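Please open the structure in a viewer and keep the sequence panel visible. The tour below proceeds by selection, stop by stop.

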Amino acid sequence: MDSLISALRTALGDDSVLTGERLAERARSFWDPRPLAGRALLLPRDTAAVSAALRLCHEARQPVTPLGGGTNIASATASGEHDVLISLERMRGIGPVDLAQQTVMMEAGALLETVQEHAAAAGLKVPVDLGARGSCTIGGMIACNAGGNQVLRYGMTRDMVLGLEAVLADGTVLNGLTPYLKNNTGYDLKQWFVGSEGTLGIVTRAVLRLYPAPRSRHTALLAVDDFSAIAPLLLRLRARFGGLLTSFEGMWQSFYELNSGEQATALPIFDAAPPWSVLIEIEGQDAEADGALFEQALAEAWEAGGLADAVIAGSEADRLAMWAIREGCEAETKLYARTDQFDISLAMNAMLPCTEAIRSALAELAPDSDLHVFGHLGDGNLHLVVGHRRAEIDSAEVKQLVYQRVAEWHGSVSAEHGIGLDKKAYLPLSRSAAEIAAMRAIKQALDPHGILNPGKIFDL
């Protein structure tokens, strides 16, 4: 046994350092079932153990790859056989909800769904929600600045983080677990770690901002024939609902058909798939008044023109049936040999021309492949799924095709899943050379030997 692994076992305990077959029993991620690659997997039980592990790895110049829930689509946690991996799955403690401050502190290995349930028991709500809520960890969400289905109202993960504790590459612990919103005392260090994908430090604990749990929720699925009607519709609904509008989700026709067709578990809502479907949802505190407002606002939107059909959820089962079409992924795994997935941001007026340009170029490059588009229209985030019936289609060519057109329409190559390895080559399409140089300078200052998640985002 080599000296570093021996030292790690001494510092963390034998059962906290997995090697060989015990390491290979684990999959690389939700998307990649191959055995986890690495020299060892560390399972610390507290911040002190994380600090000790990083100090030893720093001294040995040992690369360290942090792991979260494994649902990131940018290969942000990809590892090699010489990497030491670290998972905070044993650090899932959640503190009591502070009702006065409307905050809660937890360890970074806590699952989002568990924190949501903990907050709900106290009558409060975690303001970020994702389809992967049952597997994603708070630390992983912070590292990738996760978005989700309610960014329109509550913002990204960075907007819910009031304070955090992070361990630097050399084992130094930065304790900034402030439980208040205003803290104007120099650089906001916590924001350096939000979205850093584990390249600057490992987040071990966080204080999250909570909101009152809603007492009412109203949902509808709208059919739109003309994309130009969507922006005025959003403006009208935001003005009418004020701060109640939480979701404004869009589905292109092919995506709706895919996720409500014979390969899907969800059933169609409309008799015929419209060119665009928009799923809207409001949350409030007065079920009767909110319901009346919801119906009145939709009636006004109908009278203003632009809607081809509208279905209001009459029950929680109806609501879940609508969301099942939006969140489903079973059909694509059954129908295609392989998929390429993209997470981009575009201005509303660029969405249709950009996606049509992508569709046209894809038809020339890979005629047997399909483009499916959906996403968070209200905050400018689209998800693209390119389904390949032939697995040999070159992903590199597909990525170049997509990202080049996103750049032409002044969009971002990543909206909520980060850069990782998959988008590293395309980062200059969305960030200037000066910005990337500034990010490299921060990385070199906090991780001078480059051991933390090396190779992710950019190369030093």
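A residue is called buried when its relative accessible area is under 20%, exposed when that area is over 50%, and partly exposed in between. The model on display is a predicted one.

**First stop: a salt bridge between two loops**

Select aspartate 368 and arginine 390, whose side chains form a salt bridge with the closest N and O atoms 3.3 Å apart. Aspartate 368 belongs to the loop between α13 (348-365) and β16 (369-376), and arginine 390 to the loop between β17 (381-388) and α14, so the bridge ties together parts that are 22 residues apart in sequence. Aspartate 368 has a relative accessible area of 40% and is therefore partly exposed. Arginine 390, at 32% relative accessibility, also counts as partly exposed.

Next, add arginine 389 and aspartate 370, which form a salt bridge whose closest N and O atoms are 2.6 Å apart. Because arginine 389 is in the loop between β17 and α14 while aspartate 370 is in strand β16, this pair ties together parts 19 residues apart in sequence. Arginine 389 is partly exposed, with a relative accessible area of 43%, and aspartate 370 counts as partly exposed at 22%.

**Second stop: a salt-bridge network**

Select Lys125, Arg217, Glu281, Glu283, Glu316 and Arg319, which are joined into one network by salt bridges that share partners. Within this selection, focus on glutamate 283 and lysine 125, whose side chains meet in a salt bridge of 3.3 Å, N to O. This pair links distant parts of the chain, with glutamate 283 in strand β13 (residues 276-284) and lysine 125 in strand β6, 158 residues apart. Are these two residues buried or exposed? Both glutamate 283 and lysine 125 are buried, and the relative accessible area of lysine 125 is 12%. Now add glutamine 150, whose side chain is joined to that of lysine 125 by a polar contact of 3.0 Å. The count of salt bridges comes to 25.

**Third stop: helix α3**

Select residues 47-60, which make up helix α3. At 1.5 Å a residue its 14 residues should span 20 Å, and the end C-alpha atoms are indeed 20 Å apart, so the two values agree. The helix is mostly covered, with ten of its 14 residues buried; among them are Thr47, Val50, Leu54 and His58. At the start of α3, show aspartate 46, where a side-chain oxygen reaches to within 3.3 Å of the backbone nitrogen of alanine 48.

Then select alanine 7 in helix α1 (residues 3-12). Its C-alpha atom is separated by 8.9 Å from that of alanine 53, 46 residues apart along the chain.

**Fourth stop: two positive phi angles**

Most residues other than glycine have a negative phi. Just after α3, arginine 61 takes a positive phi of about 60 degrees; this residue lies in the loop between α3 and β3 (64-67). Histidine 410 also has a positive phi, near 60 degrees, and is found in the loop between α14 (395-408) and α15 (433-446). Arginine 61 counts as partly exposed at 47% relative accessibility, whereas histidine 410 is exposed at 74%.

**Last stop: nonpolar and aromatic side chains**

Select Tyr187, Leu189 and Trp192, a nonpolar surface patch with about 360 Å² of accessible area together. Finally, select Phe227, Trp252 and Trp276, which ring pairs link into a cluster; the whole structure holds ten aromatic pairs.

Methods:
Residues numbered from 1 in each chain as written. Predicted model: local features only at pLDDT ≥ 70, side-chain atom pairs only at ≥ 80, totals over all residues. Heavy atoms only, no water. Helix = DSSP H or I, 4+ residues; strand = E, 2+ residues; numbered from the N terminus. Expected span 1.5 Å × (residues − 1). Buried < 20%, exposed > 50% of the residue type's maximum accessible area, 1.4 Å probe, protein only. Polar contact = N/O pair within 3.5 Å; in protein donor to acceptor, adjacent residues only side chain to side chain. Patch = residues over 30% accessible without salt bridge, like charges linked within 9 Å, V, L, I, M, F, W, Y side chains within 5 Å. Areas by Shrake-Rupley, 256 points an atom, 1.4 Å probe, with all protein chains shown as cover. Salt bridge = Lys/Arg side-chain N within 4 Å of Asp/Glu carboxyl O. Phe/Tyr/Trp six-rings, centres within 6.5 Å; stacked < 30°, edge-to-face > 60°.
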